[in-house]
Amino acid sequence: MKDQAKFAKDVGVLFDVDGTLVDSTYFHTMAWWQTFRQQGLEVPMASIHRHIGMGGDKLLERLLPANSDREIRDSMEGAHGAIFSTFWPAIRPFESARALLQACAESGLAVALASSAHERDLRVLRSILDAEPWIDCATSSADAAESKPSPDILLAALEKLHLEAADVAFVGDSVWDVKAAARLGIETIGLTCGGISAAELFEAGAVEVYSGPRALLHRLGASSIGKLAHRNDGKEPSNGIVQGAPTDNAPRY
């Protein structure tokens, strides 16, 4: 995607999209499972799911036999994209995902979709989110030389927002999201709606974990995002929620 930040802001929040704002993680798992089956390979869905969130090239490096050639990998990435597109009509945003983006924007934060999805997938996901008024910019796989857990896509989002790592928080659902952000020193808020446990997200380095966008929105003022929003006006969050509070205390879907 070629869009740039709509206007300059001093602080911002970066959002992963797949599994964070839209309920697509298991569709990606199914698409990869079918792709492996086409190659005569039996890869358990659980193994695939644990690698969702890293780039497709790196997922294949982890799950394909070591002697697989580049041509096969390229073919499989294309097959995954074609199969995943058949699930587009079934994908839905998580509850309150749109409201979360709106609340961040109306709090004075720049909002970036730091996605490494292919451009055509990202266009579909943005349409599903239906939140364009509150999105300043977005990235796609075309903006990064290396996929997650490399931090390239986050660097691209920062560049579009004209912000530094210390000026943003990142929201993601996978350990690969957390690890990518950690390489830049960006605080990550983890969401378990992508199927990864709070314990694993905390272990990877997440500073807070919530069950999904609705739970984060409910506690936004006291989250790392809320603290960024209050940085310039000198106010402290006042809703009494402690950073890193267990997800069991957060509202459920």
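This dialogue reads the aromatic pairs and one helix packing in a predicted model.

User: What kind of model is this, and how are residues numbered?

Analyst: The model is predicted, so local features need pLDDT of at least 70 and side-chain atom pairs count only at pLDDT 80 or more, while totals for chains, interfaces and linings use all residues. Residues are numbered from 1 along each chain as its sequence is written, and side-chain values use heavy atoms, with hydrogens and water left out.

User: How many aromatic pairs are there?

Analyst: A pair of aromatic rings is described by the distance of the centres and the angle of the planes. Rings of Phe, Tyr and Trp (its six-membered ring) pair if their centres lie within 6.5 Å; planes under 30 degrees apart count as stacked, over 60 as edge-to-face and the rest as tilted. The count here is 2 aromatic pairs. Phe27 and Phe87 have ring centres 5.1 Å apart and planes at 25 degrees, so this pair is stacked. The rings of Trp32 and Phe36 lie with centres 6.3 Å apart and planes at 40 degrees, so that pair is tilted.

User: Are Phe27 and Phe87 buried or partly exposed?

Analyst: Buried means under 20% relative accessible area, exposed over 50%, and partly exposed in between (1.4 Å probe, protein chains only). Phe27 is partly exposed at 21%, and Phe87 is buried at 17%. Trp32 is buried at 5%, and Phe36 is buried at 0%.

User: Which residues of H3 and H4 meet?

Analyst: Contact means heavy atoms within 4.5 Å. Gly56, Asp57, Leu60 and Glu61 in H3 meet Arg73, Met76 and Glu77 in H4.

Technical notes. Helix = DSSP H or I, 4+ residues; strand = E, 2+ residues; numbered from the N terminus.
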